[in-house]
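Dear colleague,

I am passing on the structure below, and after it you will find notes on what turned up when I went through it. Please read them alongside the coordinates.

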Amino acid sequence: MSLFARGRPAAPFPLAELHCHVEGTLQPGFARELAARQGVDLSGFADEATYRWEGFSGFLAAYDRAAALLRTEDDYRRLAFDYLTGLAAQGAIYSELTISPDHAAASGLSPETYLGALARGAAEAERETDIVCRFLVVGVRHLGTDAVEAAARFAARAPGVTGFGLAGDERLYRPRDFEKAFRIAAEAGLGLTAHAGEFAGPAAVAETLDALNVSRIGHGVRAVEDAALLARLREEGVTLEVCPLSNLALGVAPDAANHPLARLRQAGLRLTVNSDDPPFFGSDLTAEYRFAAEAGFEPAERLALTRNAIEAAFVEEPVRKRLSELLTMRALALGAPGSSL
Ligand code: ADE
Ligand code: ZN
């Protein structure tokens, strides 16, 4: 009898994630521990399980405030280790962590020291759980084009970094302002993605494709407003890194019933689901997959979300092949119909 069909799998459902900001994984409990060590008062900011903020600008300020508590190499090592082992316990086989050298600089750490500490945490997590992690460096767009180009230059020379992206306040600057940064990253052979179509409309997604040569779009949900753009995303095989619970918390979608995930699937797009900044949104990757289930994604379609993530991951080809085989085995262990999903 298929346990898969009964929705009570014998093995954890295999998950993968392409879009999660490492500072955005800081759990409030760890934040309070860091604050106590530093004599910083977090009352009214860090609740038991989440942070208090309002609106997108308030969220970005809260993100910076929480990130500023991470000050030492061991803080970052532990951050990566805790997040990745927790993710593996949820069933994840791959995580692409977005890292921000600008946030480390605000804490007085060089990009190299920051990356080295995160890499140690990821290696320890991989030894313990087998989860595979790769790092994607982002530039923060509201810090300006020079800062984003500096982030790209770091990404281009950094060992173990496989991707480059753009985050921050999408209401500032235009995608094409970051052409030079993305050229630097492309010339270094990095995979490319950018947040677009989260707070700006579909025109920003189209300009991101035209100017920045990305193979993935972070969020991209507002593409749903433009049928021609949906057709283009489908034809060009662009993968969307959809973050449903982030969209609800930030007001990008008014409620679950009106979230575009199901409409994007109907349009035939390659979709993944991701947690973005989990404790800020009261989410985790399991909850994002549950959101997809509640939006009508059958188990086979939820496995396809994981398959899409592995296919679009910025990872070396032999590792992609290994992850793909592991996913097939994990799907078989679920008793999944058509295990070649
Ligand atoms: N940095 C962290 N989370 C982000 C989001 N949802 N949008 C833009 N920048 C971010
Ligand atoms: Zn994001």
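Within the shell around ligand 1, the element that gives the most is helix α3 (residues 55-67), which supplies 3 residues; please keep in mind throughout that this is a predicted model. The full set of residues around ligand 1 consists of H21, F56, F59, Y63, A167, G168, H195, E198, H219, L250, D276 and D277, and by class that shell divides into 5 nonpolar, 4 polar and 3 charged residues.

As for where the ligand is placed, ligand 1 sits in the largest cavity. Its polar surroundings include two aspartate side chains: an N or O atom in the side chain of D277 lies 2.7 Å from a nitrogen atom of ligand 1, while for D276 the corresponding distance from a side-chain N or O atom to a nitrogen atom of the ligand is 2.8 Å. The backbone takes part as well, since a polar backbone atom of G168 is 2.9 Å from a nitrogen atom of ligand 1. Of the 260 Å² that ligand 1 exposes when taken alone, the protein buries 96%.

There is also a second site that you may wish to look at. The second largest pocket holds about 210 Å³ of space and is lined by 16 residues, among which T25, Q27, D82, Y83 and G86 lie nearest its centre. Helix α4 (residues 73-89) gives the most to this lining, with 5 residues, and the lining as a whole comprises 8 nonpolar, 6 polar and 2 charged residues.

With best regards

Methods. Residues are numbered from 1 along each chain as its sequence is written. Chains are lettered from A and ligands numbered from 1 in the order in which they are written. This is a predicted model: local features need pLDDT of at least 70, side-chain atom pairs count only at pLDDT 80 or more; totals for chains, interfaces and linings use all residues. Side-chain values use heavy atoms; hydrogens and water are left out. On a 1 Å grid over the protein atoms alone, a cavity is a set of points where a 1.4 Å probe fits but cannot get out, and a pocket is an open set with protein on both sides within 12 Å along at least five of seven lines; lining residues have an atom within 4 Å of a point. Grid points are joined across faces, edges and corners, and a volume is the space filled by probe spheres set on the points. Helices (H or I, at least four residues) and strands (E, at least two) are DSSP runs, numbered from the N terminus. Ala, Val, Leu, Ile, Met, Phe, Trp, Tyr, Cys and Pro count as nonpolar, Asp, Glu, Lys and Arg as charged, and the others, Gly among them, as polar. A residue is near a molecule or strand if one of its heavy atoms lies within 4 Å of it. A polar contact is a pair of N or O atoms within 3.5 Å; within protein, one must be able to donate a hydrogen and the other to accept it, and residues adjacent in sequence count only if both atoms are side-chain atoms. Accessible areas come from the Shrake-Rupley method with a 1.4 Å probe; for residues, only the protein chains shown count as cover. A molecule sits in a cavity or pocket if more than half of its atoms lie within 2 Å of its grid points.
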